[in-house]
Amino acid sequence: MAGAGFDRPEYFTNRERSWLRFNERVLGEARDKTNPPMERLKFLSITASNLDEFFMIRVASLKDMVHAKYTKKDISGMTAQEQLDMISKEAHELVKLQYSTYNRSLLPLMKQCGLEVVTEHEKLTGEQAEAADRYFEENVYPVLTPMAMDPSRPFPLIRNKALNIGALIAKKEEKSEKAEKSEKSEKPEKNEKPDKSGKIEKGGKNEKIKLEFATVQVPSVLPRIVRLPDREDGTKCVILLEELIERNIDQLFSNYNVVCAHPYRIMRNADLTIDEDDASDLLKEIQKQLKKRQWGEVIRLEIEDNMEPKLLKILKQELDVKNDDIYKISGPLDLTFLMKLYALEGFEQYKQKPYQPQPVPGMIASETPDISRRAGNKTDIFAQIRKGDIFLYHPYMTFDPVVQLVKQAATDPDVLAIKQTLYRVSGNSPIVVALAQAAENGKQVSVLVELKARFDEENNINWAKMLEKAGCHVIYGLLGLKTHCKITLVVRREEDGIRRYVHLGTGNYNDSTAKQYTDCGIMTCSEMIGEDATAVFNMLSGYSEPKHWNRLTLAPIWMRDRFLYLIGRETQHAKNGHPARIIAKMNSLCDKEIIAALYEASAAGVQIDLIVRGICCLKTGIPGVSETIHVRSIVGTFLEHARIFYFLNDEDEEFYMASADWMPRNLDKRVEILFPVEDPDIRERVRHILQIQLGDNVKAQVLQPDGSYERIDRRGKERLCAQEYFCEEAIREAREAKIAHEEASDPVKMRRFVPAEPEEEQQS
């Protein structure tokens, strides 16, 4: 076994702790004063969204283990309960830092930019108050559904992630003015508990007040951010929807006095448990499981930090929440609304200048005859691919060629079949539309739609149904596995026979996220890769396993062994006294066997550089174990998503790209593809990407032996931000390619650069 002796628990960082540190790095971008103000808002919103998913999946999974009395320890030697205890402590600290950033840094900064989030009603001007109340009456009040709790009405279902306002109310005839004033200041008695109807008896010797629980969901169908009239100095003002509801909540309970009202929000277990062996129809089973997300176990309760204790008691009892799972928030709950604030118009000067993905240099070409004109495209993409492999680097280069490949194939009379895997696609995916059109045009279209893509299940179900109606052959994933590979195969009849065109990528076929995620891809008509691509789809659709592979390596069967072989080969080179080097870029690294193999390689003297954006369970700087391993994380404007692997191989270098990270789920539980980079020019491009990212001293942070991350000391060094560099490089290369193309296609321009003979100059 590779890495024997290097798998001791103390050599590994707990996965959940590493993820929390990653989210701290994202939060660091929100706290970084060198970032434009609105960009800082965006990063804070991302940390909130990340934390929601972390609780719904990772924390939920650990709670399931505890309930099942599962005591096996993780790679760092921690039980599930120990991990939950650690997470609770560190997550509470992270949330405090989030709201300190929001309240102390970003709110004042927004005011300086001319934007105010009004949080205190008394700060509303007369005009603003009138506008706020009118908006409530006309737009909000008709949508609200207040729900009380009494013997005839049990505690209502509180939906996952929904924002709610809980209230304690008392009938007006039962509540004296004196009691109303004293109630807020009175401390709750230790033995005071709500009865089964949610009522709390309250009062002195001569009176008994019954407080009833009521709740109202803040409607998600309405914008959470409501514009108010500007202030006299021109400051634009907004108020949150829940503030408007709280301001007017007495209108919802006209026969009651509202004693207190506070927002709260819950997070439920959203980790789907699907018994695929017993599921006769996977699509129906997933649809059924999706509904269960709304009433899964409550794993986190967020409340306003000054919530009335009596109201909190009811929520704790009815939701069955422990104190460790309650997060008292000093500010608005659910900071994901900041992304909507970021999108407000009029603050462009406080944002990073938007980047427009550039044309792929090798694909800037003139219109060609035949199929190009019939397809309505300026470029015949098949002709372009036949000239040589095409390298794509998103979002620096546009995603359009990938869309164009499917669109042109859909209308090309010589295309016989299109096959594609879809994991996550955009809401209005042009690729899905093109696939449906291709089927309607009589082509053989096979699409594997991964129904188990987390939080995209419902979207993918809808697309799958639409594709089936159009006549596509839809495969709903594989039993027990997620299909995560990104591959497209177009089979075309040409003069010299059948030719296969293939796209392989590291990212999803999503034209929307392709503008935000950095990913690599290759378009090729290599015969060997074409054969492998056909074998991949035959495996996915019919369980037909090929006898051999030409170039591709697949998980879950062969990829782990392939990576262990490549790492072990470098280890042997180092032991033989030859130079040995590994560079690997990925999203996450938490596979125990791979990490142990890297430790063994480092102990042998292999120089290892890892670019790991998120989770990294490997520890650096362990004497005799990981002294030659260096890990950096880059968190910037774009989400680093590409997977690239380099092995020196005794000067016979090998480059690979993949859809997989070095995680057990990728290597053992998903269908993934590892593909080599063989074109000399593309190999140099990939080398260049790795070199620039290893040289980044602006957004990169380096993993320290204690598990913390530190920014690079730039003193005496030239500033290098990899993402900025690639943006500028793509713009420059596209401009140069366009000029070169125009000159090559314009004889007049060409003559300007042809040295004329002296005689010709005199004659002219």
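Colleague: What makes strand E16 (residues 486-494) mostly covered?

Modeller: This is a predicted model. In strand E16, eight of its nine residues are buried. Buried means under 20% relative accessible area. Eight of the nine meet that cut-off, so E16 is called mostly covered.

Colleague: How do you know that strand E12 (residues 415-422) pairs with E16?

Modeller: Pairing needs at least two bridges. Five bridges join E12 to E16, so the two strands count as paired. They run antiparallel. Lys419 stands opposite Leu489 in E16.

Colleague: And what joins E16 to strand E17 (residues 497-505)?

Modeller: Nine bridges, with the strands running antiparallel. The requirement is at least two, so E16 and E17 are a pair. Thr488 has His503 of E17 as its bridge partner. A hairpin of two residues links E16 to E17.

Colleague: Now the sheet with the order E1-E7-E6. Why are strands E1 (115-118) and E6 (225-228) called edge strands?

Modeller: That sheet is open and has three strands, with mixed pairing. E1 and E6 each pair on one side only, so they are the edge strands. From one strand to the next, the twist averages 35°.

Colleague: How do you know that E1 pairs with strand E7 (residues 236-240), and in which sense?

Modeller: E1 and E7 share four bridges, in the parallel sense. At least two are required, so they pair. Val117 has Val238 of E7 as its bridge partner.

Colleague: What holds paired strands together in general?

Modeller: Strands of a sheet pair through backbone hydrogen bonds, either parallel or antiparallel.

Definitions and conventions. Residues numbered from 1 in each chain as written. Predicted model: local features only at pLDDT ≥ 70, side-chain atom pairs only at ≥ 80, totals over all residues. Heavy atoms only, no water. Axes fitted to C-alpha atoms, helices over the stretch in contact; angles between N-to-C directions. Buried < 20%, exposed > 50% of the residue type's maximum accessible area, 1.4 Å probe, protein only.
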